[in-house]
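Please look at the sequence and the model shown below, and keep both in view while reading. The report that follows is about rings, charges and the backbone.

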Amino acid sequence: MKYFDTHCHLDFDQFDNDREEVVKRAKEQGVEYILNVGTNIESNKKVIEIAKNYDFIYSSIGIHPLDVDKVKIEDLKEIEKLVKSEKVIAIGEVGLDFYYSKDKMEKQKEFFIGQIEIAGKYNLPLIIHQRESKNQLIEIIENIKMPEKVVFHCFGGDLDLARYCLGKNFYISFTGILTFKNAKNVREVAKFYPIEKIMVETDAPFLAPEPFRGKRSEPFMVKYIVDQLAKLKEKDINEITDLIFKNSIKFFLKNDL
Ligand SMILES: [Zn+2]
């Protein structure tokens, strides 16, 4: 069976001691593609470097909303430069996150808008991070031209937000949260959302699925998220695995699959 981990952070220092083994383990267990996602300027550069070492690892470039205090708005020029590097196939993760505080709201919005524009300009898919920011996010989306392909990563919203995303023709992607005991709302969204518009991701090193909950997450664990999705959809695991893999290829790599 083939898997595509559409969102992880192999550049993080949690992988400094065994990055190579982590990648090897993923490959051995059927992970055919990995999208490694940058979060700030340094992280983006590292992500681009890692992609040079493995033919099946690609890069997404962006400033994470919780990293905006490390940058100035002029740094978006640097992002535009990095976007032109080899194997950069998306912009992200970008968005709004007011979980810890709303202090940086204006700066987060400014960066979000700037990076939506970059995605549009280079015709790249956009990976959105959203936490405690639904209304502000929708307000921006309603007032700007969005790129053709958009995914809400690590979907943790409610059915309302899911309906909104579907109305906009967005994709959503699920992490290990889908397997957590207390994640009833997220499972409801998974049952509701059309399978053609779903992808999966580990968000490694975070959010390891059951039975690894609490441990460091790794790309090979993406299988457990797909299996859970098949269970929720009451469909054959092989069939769902194949569909999700194809969705991800179509979204990130080839339009004509
Ligand atoms: Zn992430």
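The text below treats aromatic pairs, then charges over rings, and then some points of the backbone. The model is predicted, and the values given here are computed from it.

**Aromatic pairs**

A pair of aromatic rings is described by the distance of the centres and the angle of the planes. In the whole structure, a search finds 14 aromatic pairs. One of them is formed by F4 and Y33, whose ring centres are 5.3 Å apart and whose planes stand at 40°, so this pair is tilted. It links distant parts of the chain, since F4 belongs to strand β1 (residues 3-8) and Y33 to strand β2 (residues 31-37), 29 residues apart. F4 has a relative accessibility of 2% and therefore counts as buried, whereas Y33, with a relative accessible area of 21%, is partly exposed. The cut-off matters for this reading, because buried means under 20% relative accessible area.

A further pair consists of F251 and F252, with ring centres 4.7 Å apart and planes at 80°, so that this pair is edge-to-face. F251 counts as buried at 1% relative accessibility, and F252 is buried with a relative accessible area of 7%. Which residues do ring pairs link into a cluster? The cluster is made up of F4, Y33, Y58, Y171, F245, F251 and F252.

**Charges over rings**

Y58, a member of that cluster, also has K87 over its face, at 5.4 Å from the ring centre. In another place, the charged end of R131 sits over the ring of Y99, at 4.3 Å from the centre of that ring.

**Points of the backbone**

A cis peptide bond, with omega about 10°, joins G92 and E93, and E93 lies in strand β4 (residues 88-97). The peptide bond from A204 to P205 is also cis, with omega near 15°, and P205 is placed in the loop between β8 (198-200) and α8 (222-233).

Two residues that are not glycine have a positive phi, and the table sets out their values together with their places in the chain.

| Residue | Phi | Loop | Relative accessible area |
|---|---|---|---|
| N123 | about 55° | between α4 (105-121) and β5 (126-131) | 58%, exposed |
| E234 | near 55° | between α8 and α9 (237-252) | 72%, exposed |

Are N123 and E234 buried or exposed? N123 is exposed, with a relative accessible area of 58%, and E234 counts as exposed at 72% relative accessibility.

Technical notes
Residues are numbered from 1 along each chain as its sequence is written. This is a predicted model: local features need pLDDT of at least 70, side-chain atom pairs count only at pLDDT 80 or more; totals for chains, interfaces and linings use all residues. Side-chain values use heavy atoms; hydrogens and water are left out. Rings of Phe, Tyr and Trp (its six-membered ring) pair if their centres lie within 6.5 Å; planes under 30 degrees apart count as stacked, over 60 as edge-to-face and the rest as tilted. Helices (H or I, at least four residues) and strands (E, at least two) are DSSP runs, numbered from the N terminus. Buried means under 20% relative accessible area, exposed over 50%, partly exposed in between (1.4 Å probe, protein chains only). A charge sits over a ring if NZ of Lys or CZ of Arg is within 6 Å of the ring centre and within 35 degrees of the ring normal.
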